[in-house]
Amino acid sequence: MVRVWLADVTPLCDEACYRKYYEELPLFRKKKADALRSCQGRAQSAGAWSLWGKIRAEYGLPESSAYNLSHSGSFVMCAAETDAIPCRVGCDLQQMGTLRMKIAERFFCREEYLTVLEGRTEEEQKELFYRYWVLKESFLKATRKGMALPMDSFSIRLGEPPVLVKQPEEFPEQYHYREFCIEGLPYKMAVCTTDETIDPKIHTELRL
């Protein structure tokens with residue numbers, strides 16, 4: 001089963017708190033954090049890795065476990081396979097901002113773009129744009145290709161759950177989606193995985 005966690009990294013914007021977490025990071029993660037200029041960026045980087053560490057300890061997971069990290073705004077997200085089943089896992093978290101229809105027109109498939117565009121208020125368009133964004137990003141991250149894989153090389157149809165209706169030939173596996181939301185938080189969240197079982201709950205009990 002793939003499970004998902006969300007944690008607030010606001011405390012890590014305090015320098016003393018950040019240094020405490022920073023000192024526990026592996027060297028490669030320290031270098032990644034050091035390369036970031038903003039306090040929030042460093043807090044996100046350290047916080048995401050710390051969340052994964054707490055999950056590994058809680059479930060006794062080996063280093064080889066499938067997992068993925070994401071961060072945006074004040075939050076970090078981790079999706080992990082907790083039953084030692086080999087699979088692909090990708091997740092994405094995005095704080096909602098302005099509507100970016102030029103990006104949708106350039107990078108989304110035609111069906112996806114028209115779904116966002118047609119017969120919608122601007123607020124509805126923004127909601128759909130960010131839903132598609134995290135769904136597409138989570139697939140890119142599950143494949144480990146990232147933005148090297150064109151966003152229009154695969155297509156998603158919204159639903160409960162969303163469905164991958166076109167996918168690149170090099171990734172023929174069956175992928176499964178789940179979206180998450182927390183009332184009052186202006187964020188979109190999604191997981192994409194080849195594991196057919198995704199926990200419907202987003203866990204917030206692990207504190208940084």
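**Exercise 1. Find which residue of E3 stands opposite Ser-72, then describe the hairpin around the pair.**

Step 1: Ser-72 faces Phe-75 in E3. This comes from a predicted model, where local features need pLDDT of at least 70, side-chain atom pairs count only at pLDDT 80 or more, and totals for chains, interfaces and linings use all residues. Numbering starts from 1 along each chain as its sequence is written, and side-chain values use heavy atoms, with hydrogens and water left out.

Step 2: Look at the strands themselves. E2 covers residues 67-72 and E3 covers residues 75-81; they run antiparallel, joined by six bridges. (Strands pair if DSSP finds at least two bridges between them.)

Step 3: Check the turn. Two residues sit between the strands, and Gly-73 takes a positive phi near 60°.

**Exercise 2. How many helices and strands does the protein have?**

Count the DSSP runs: helices are H or I of at least four residues, strands are E of at least two, numbered from the N terminus. You should get six helices and nine strands.

**Exercise 3. Work out whether the radius of gyration agrees or disagrees with that of a compact globule.**

Step 1: Take the rule, 2.2 Å times the number of residues to the power 0.38, with the radius taken over C-alpha atoms.

Step 2: For 208 residues that gives a value near 17 Å; the protein has 17 Å, so the two agree.

Step 3: Add the burial. Buried residues (under 20% relative accessible area, 1.4 Å probe, protein chains only) make up 49% of the 208.

Technical notes
Buried means under 20% relative accessible area, exposed over 50%, partly exposed in between (1.4 Å probe, protein chains only).
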